Amino acid sequence: MPSAGVLPEARPRYSGWMLFALAVAALVLVPVVVTVSSFADVEGDILAHLTEFVLPELVGNTLWLVIGVAIGVSVLGVSLAWLAAMCDFPGRRVFEWALLLPMALPAYVTAFVAIGLLDFTGPLQTWLREDWGLTSLPEIRSRGGVILVMSLALYPYVYLIAKNAFSTQGAIALEAAQSLGLSRTQGFFRVALPMARPWIAAGLMLALMETLGDFGTMAIFNYDTFTTAIYKAWYSLFSLAAAAQLASILILFVLVAVVFEQRSRTRMRYGAVGRSAASRRIRLSRALAGLALLYAGMVLGAAFIIPVIQLALWTRDVVANDLDARYWAFARHSVLLAGIGALMVVTVALLLVYAGRQRPGSAMVWTQRLATLGYAFPGTVLAVGLFIPVAWLDNWLIDIGHTGFGFEGSELLKGTLLVMLLAYLVRFLAVGFGPIDSGLHRITRNIDEAARSLGSGTPGLLTRVHLPLLRTSLLTGATLAFVDILKEMPITLMTRPFGWDTLAVRVFEMTSEGEWERAALPSLAIVMAGIIPVILLTWRGDHSHG
Amino acid sequence: MAELVLDAVAQSYAERQVIADLSFTLPEGTIGCLLGPSGCGKTTALRCICGFEPIRTGEIRIGGEIVNRPGWMLPAEKRRVGMVFQDYALFPHLNVADNVGFGLRGASRAARQTRIDELLDLVGLAGHAGQFPHQLSGGQQQRVALARALAPRPRLILMDEPFSSLDVELRERLSIEVRDILKREATTALIVTHDQHEAFALADWAGVMHDGRIQQWDTPYNLYHEPANRFVADFVGQGALVTGEVINDHQVEIELGVLDGHIPVECDASGCAECVRSCRVEVLLRPDDIIHDEDSLLLAEVENKAFRGAEFLYTLKLPSGQRALSLVPSHHNHAIGEKIGIRLAVDHVVAFRCE
């Protein structure tokens, strides 16, 4: 009897792979459980203060913000997507990818540039006042201002996904509608738009998750939402419980968005139609084409070109002074943290993808989905929700250390990068998981079996087949995670150990003092890094078309 | 190369029996074919032999070594069984030479290169070593897949529907080529297909599978001319069943005349001439068993006809109303409804008891 065999009948019920996937999923659930359970330990005064003075304003502000941004990104995203995917106008080829560029600008950068430019003391108002005597420009530091800035920063989410929907199904749908006697406008509203609704909804929900989770912009505008309130409770009230309670309410808002997003994704799968429409674009009249160019140009100008130029001008003014050793320390910390974080994300994502390959089934699919849900959680929520359990663990370990080993310190894990890196992992796991998962899906099971029938065991399969084939996917996942962590503000701000200031932290500190010029230099570095994923995105888009 | 033996193998997925009591022997150096409609279990059988699926009962032996038995299987990577997949499953990141050389680990660089060159030469792709799979046509990819599987000199080659994604013309040419290649490498090979023309062109031995069982394991010639049961008769080739009456143990009478030959009808009391006599049977008539003969007094009406280029396949209505098929050279173009003269030319009498 040969000895080197497997016993297919005796496979264990639970496996290491499934346990690993469950552990990652549990990590996502920890912040939810922790923040919700904070209501068990109510501090009377603070809760009363919260419900009476803070909550009504927060809920009102959040609702207005969500409604405003939803309208803003939908109008901008859908109209631009229609123009780029279905119509022909001068410069359309450039706009098609250039309209994604605002993704490179974190909303907080757009925000402080907008304020710096449009504020009462800013260049535009000064010029209008002094040369024209105009004083009645609407105040930028307002609800409308926040909504405008967030819409300009986040419309690419809707634009990207709606453009794909229109270009895969728009032309056919429109031709069918026209053959049934509808005009082009009627066809758009009655056929193309309803067909693309799941796509638009999915993009919209992503934009709203970003809105709910945004901290930097709200801080710059001094517009109080849950994220800033959590931060204040954390630092000003020094009440972990209050911060956790606020976080749990914010999670409710986010979960609504998650449910809608997941539902739209399911519908997208059913609604998918092949075929590209590239050859059958709508020819716009001269006047309309001019208007389209003007409109797209204005959006791109306001959302990307003007902010970047302004950043460059400000940077030129301060670069001589600010480009010092401290700046390089910020940059080094940013790169180091983003590097470690990206490595963690890609490693865990690869293992999670592999787990799905090894133990397929609906239980695994659900576990994977749960494990990658962290992208929806605001950074402030993750900071609070992961700090608290780590602090518990720390105290417990220290107790043991005190009694058992005569340990003297008061911190073991709290002062380390642990909380921050865990929070990065939870928040950005999906960013790494997506490309690696689709990469592995392209490697058919037959390829695995071919390698095995040619004598490769599992290690050979991994090193000789999977890793070479997944190289691009791994690199894409790592790059996306790297840049996202580089841009990340609230987690870094709230959980960084002493001395770990990054570029984003520097931006926060300078903007909270209104020093826009000095925030420009670190921002420009972040923006430049942020352009890489946009290039990856367009490059991948091109490939999927070819 | 080695002999392959399946001995009473069974396999099931979640209550559903996929293979039941599968037994056959494929002699060393021969090419075998598992033929059957989709869902008959032939691909599962292949995957068991390759080491990707466990079996429930029975055992599988390659060259005398047991590789599968209930509760145990030798891992695929240790079997030295080559597999050619339906979609070829070439490694997209490796060029043709590296694909072919994938299984040649452990060999010296020079030996590896020699073997790669030898195989590319054998499959007629000597000039394509540096190309990548996506730069090749379907037929070329197929040949790379075969070369890759042959390279480590496996004990056995398995091919799963090897020509199904190619167009018909290429299919026939390639199946002859593949047989040639396999014979030159003197490999034992088992091929799974639903296409009997492929099976006929390739195989020394073929088994018709149905409901997870082998209905008949025989030479392709015998499968066609001496089918063991109605399923094999129906699945392999075309034909029609007409009723007849047994006269004695070497004669049967049908409405077109008396057929001479061995009557392989099992009788309850075999050897008893009295009992066999007047037994009602159904006789299989292949389209080549009925020959068009203008001088014949036997007439049948053309009910339908299908033009096949070199010949017509006529569906004929016999005087009793029963139907039969006849393959006639295509310069005999008769209209539907016309009565034509026919004559029997039956070499192998196949008769089944009436049900």
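Two residues are in contact if their C-beta atoms, placed from the backbone, lie within 7 Å. In chain A, 83% of the contacts with a separation of 6 or more are between residues 24 or more positions apart. For chain B the corresponding value is 66%.

The model is predicted: local features need pLDDT of at least 70, side-chain atom pairs count only at pLDDT 80 or more, and totals for chains, interfaces and linings use all residues. Residues are numbered from 1 along each chain as its sequence is written, while chains are lettered from A and ligands numbered from 1 in the order in which they are written.

**The two chains**

Helices (H or I, at least four residues) and strands (E, at least two) are DSSP runs, numbered from the N terminus. A residue is buried if 20 or more other C-beta atoms lie within 10 Å of its own, exposed if 12 or fewer, and partly exposed in between, with C-beta atoms placed from the backbone.

| Chain | Helices and strands | Box of C-alpha atoms along the principal axes | Buried residues |
|---|---|---|---|
| Chain A | 20 helices, two strands | roughly 85 × 60 × 50 Å | 45% of 546 residues |
| Chain B | nine helices, 21 strands | about 75 × 50 × 35 Å | 44% of 355 residues |

The radius of gyration of chain A, taken over C-alpha atoms, is 25 Å, which agrees with the value near 24 Å for a compact globule of 546 residues. The globule rule is 2.2 Å times the number of residues to the power 0.38.

**The interface**

Contacts between the chains involve 21 residues of chain A and 24 residues of chain B. On the chain A side, helix 16 (445-453) and helix 17 (458-487) are the elements that give two or more residues. Helix 16 of chain A gives the most, with six residues. By class, this side of chain A has eleven nonpolar, seven polar and three charged residues. Here Ala, Val, Leu, Ile, Met, Phe, Trp, Tyr, Cys and Pro count as nonpolar, Asp, Glu, Lys and Arg as charged, and the others, Gly among them, as polar.

**Helix 4 of chain B**

Helix 4 of chain B (residues 138-150) has 13 residues and reaches 18 Å from its first C-alpha to its last, close to the 18 Å expected at 1.5 Å a residue. That expected span is 1.5 Å times one less than the number of residues. Ten of the 13 residues of helix 4 of chain B are buried, including B:Gln141, B:Arg143 and B:Leu150. The buried residues pack against strand 7 (81-84), helix 2 (96-101), helix 3 (109-122), strand 8 (156-160) and helix 5 (168-184) of chain B.

**Strands of chain B**

Two strands pair if DSSP finds at least two bridges between them. Strand 10 (residues 205-210) and strand 11 of chain B run antiparallel and are joined by five bridges, with B:Val208 opposite B:Gln216. Their hairpin has two residues between the strands, and B:Asp211 takes a positive phi near 50 degrees. Five of the six residues of strand 11 (residues 213-218) of chain B are buried, so this strand is largely enclosed by the rest of the structure.

Chain B also has an open sheet of five strands in the order 16-20-17-18-19, with antiparallel pairing. Strand 16 (290-292) and strand 19 (323-329) of chain B stand at the edges, each with a single partner strand, so one side of each has no neighbour in the sheet. Seven bridges join strand 18 (residues 311-317) of chain B to strand 19 of chain B, where B:Lys317 stands opposite B:Arg323.
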